[in-house]
Amino acid sequence: MAFTSFYFLFFVALVLCVYYAFPKKGRWLVLLAASYGFYLISSPRTFLFVIFTTVITFAGGRYIGRQNSEHKAYLAEHKEELTKEEKKALKSAVQKKKRKMAALILVANFGVLAVMKYFTPILEAAGLGERFDLGVLIPLGISFYTFQTAAYIIDLYRGKIDADRNIAKFALFVSFFPQMVQGPISRYDQLAGQLYEGHEFSYKNLSYGAQLMLWGFFKKLVIADRAAILVNQVFDNHGDYQGGIVFVALLFYTIQIYGDFSGGIDIARGAARMLGIDMTHNFMRPYFSDSISEFWRRWHMSLSFWCRDYIFFTISLSKTFGKMGKSLRKVLGDRVGKLFPVLVAQMATFLTIGLWHGAEFKYIAYGLYNGGIIILGLLLEPYLKKLTAALHINVESNGWKLFRILRTFFLIVMGRMFPKAISFSVAIAMFGSMLRGGDVPFSEEILTLGLDMADFMILLGGCIVWFIISYNQEKGTGIRDAIAERPLALRWILFLLAFAAVLILGVYGPGYDASAFIYRGF
């Protein structure tokens, strides 16, 4: 069931009516039925995979939770009797039991993810892809709910949360329907309580949620899907284009993927907000970032923060890598030796982000590209500070800030080549064709790429509206709050204009696939 279909709008409206008509205590049951119904409609052949992940994660979580509670109770009962060494030995024994169970659950869940997502590309590389194609069996949203349940198990192991005692409620946490298509990756302590408690009807939630959904439809249908026409024309026929045309296609893809992904997240968060549920943010105006590291703190935030909390911190604070860094100081110098755990953690983090997108080497290259830029920035930081000081550059000035934003945006645009190109070798070839020059951007040839002048004007106008709203949000203005303060008539004029823009200017028609969100496949 595509987010951009009337079926989805009808589905959300039906869920809202039933949810608020149901007794408050049992409203979570409505969400569970709706979530399972949504999944059975959208991906019926892979429904058992969600059940499998839910059951084994719940069972493993109960075991770990029991170890946590029994350990606390035993310590409270015998705290005066136990010596420090006995307490340490007891903690070690409990940690060992929890570690074994956590490892078992993580291996099982990530094993399913690996087989479903990565087995077919490996076979294709070996020339066996036609005989064993598991691509058609990839469960909807498998990466999102696998990472979400992994966070639940790790947080339990660390003692940060208590285990869920109701498997049906836990099933809702795993399968909540707005997040199944493309996230965000929610944390148990942030989302579960909201799902279970049952919310009162609120006109503000209904209004704000509808506005957020409408904004998501605008970004997806008016901007992203229109930009996709040019992008697909160039990348599907990459041998026919070079020079500036390739760069324009990359630029349009940078616009497309942001509008597509953030638009889908807005639709998901809007649907949840109408139910009184505040899902985690996934984007914070990433193209205003002045460094690649800041970009990843603003882009796909739920994945970035997942990798930070469970990979980066684990490695960078590891005693093993700390010792390795100390031993390397004699060879690499004090500063590099001190940074060694951080550098390893950064690269491991971005390799994970690359592999999260897919098994092909182009995704690994995408991770290496981003991780490499951040590592290079860390290593060169003192030298760059000296250079800006020598050149008397005011690093607090707006001009320098703008330069850094434009520089970062350019690096982001160039990096998009890896995940978008059909393969790593094609990405390199397209880089080469772009550098060799030839086709001139914004010449008459650009009107042969599927968009006419009216399309370009609509795309430009949409991006200007998008920029103005984003700029004001960056300055701290709450757009929906600002709209709510306007007279009722003006508010309805704005809503109707936005609805008309989506309905009239959105990309529809033959060949259009409303379900084709870029991140749906992850």
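Let me start with a definition: a residue is called buried when its relative accessible area is under 20%, and exposed when that area is over 50%. Keep that cut-off in mind, because Arg285 has a relative accessibility of 17% and therefore counts as buried. One more thing before we go on: what you see above is a predicted model.

Let's stay with Arg285 for a moment. Where is Arg285 in the chain? You will find Arg285 in the loop between α9 and α10, the helix of residues 292-298. Its phi is positive, about 50 degrees, although Arg285 is not a glycine. That catches the eye because most residues other than glycine have a negative phi. Arg285 also takes part in a network of salt bridges, where it is linked with Glu294, Arg298 and Glu474.

His300 has a similar story to tell. This residue is not a glycine either, and its phi is positive, near 45 degrees. Look for His300 in the loop between α10 and α11, which spans 301-316. With a relative accessible area of 1%, His300 is buried.

While we are on backbone features, find Pro184 in the loop between α6 (167-175) and α7 (188-197). The peptide bond leading into Pro184 from Gly183 is cis, and its omega is near 5 degrees. As a reminder, most peptide bonds are trans.

Now, charges. Side chains of opposite charge can pair when their charged atoms come close. How many salt bridges does the structure hold? There are 15. One of them joins the side chains of Arg187 and Asp309, at 3.0 Å from N to O. Arg187 sits in the loop between α6 and α7 while Asp309 belongs to helix α11, so this pair ties together parts that are 122 residues apart in sequence. Both Arg187 and Asp309 are buried.

Then there is Lys220, which has two partners to show you. With Asp260, the closest N and O atoms of the salt bridge are 2.8 Å apart. Since Lys220 lies in helix α8 and Asp260 in helix α9, the pair ties together parts that are 40 residues apart in sequence. With Asp225, the closest N and O atoms are 3.1 Å apart. Lys220 is buried at 1% relative accessibility, Asp260 is buried at 1% as well, and Asp225 is also buried.

Let's turn to the nonpolar side. The largest nonpolar core has 129 residues, and the members that touch the most others are Phe38, Phe173, Phe176, Phe177 and Leu230. Helix α9 gives this core its largest share, 17 residues. Try clicking on Phe176: leaving aside neighbours within four places in sequence, its contacts include Leu31, Leu195, Ala272 and Met279.

My last stop is helix α17, residues 424-436. Its 13 residues reach 19 Å from the first C-alpha to the last, close to the expected 18 Å. Which residues of α17 are buried? They are Val426, Ala427, Met430, Phe431, Ser433 and Met434. These residues cover an arc of only 165 degrees around the axis, which puts them on the same side of α17. On the other side, Ser425, Leu435 and Arg436 are exposed. The cover over the buried residues includes α8, α9, α15 and α16. Right after α17 comes Gly437, with a positive phi near 80 degrees.

And a quick word on cysteines: the structure holds zero disulfides. Cys17 is exposed at 56% relative accessibility, whereas Cys307 is buried at 0%. Thanks for listening!

Methods: Residues numbered from 1 in each chain as written. Predicted model: local features only at pLDDT ≥ 70, side-chain atom pairs only at ≥ 80, totals over all residues. Heavy atoms only, no water. Disulfide = S-S within 2.5 Å. Buried < 20%, exposed > 50% of the residue type's maximum accessible area, 1.4 Å probe, protein only. Helix = DSSP H or I, 4+ residues; strand = E, 2+ residues; numbered from the N terminus. Expected span 1.5 Å × (residues − 1). Arc of directions from axis to C-beta. Contact = heavy atoms within 4.5 Å. Core = buried A, V, L, I, M, F, W, Y, C linked by side-chain atoms within 4.5 Å. Salt bridge = Lys/Arg side-chain N within 4 Å of Asp/Glu carboxyl O.
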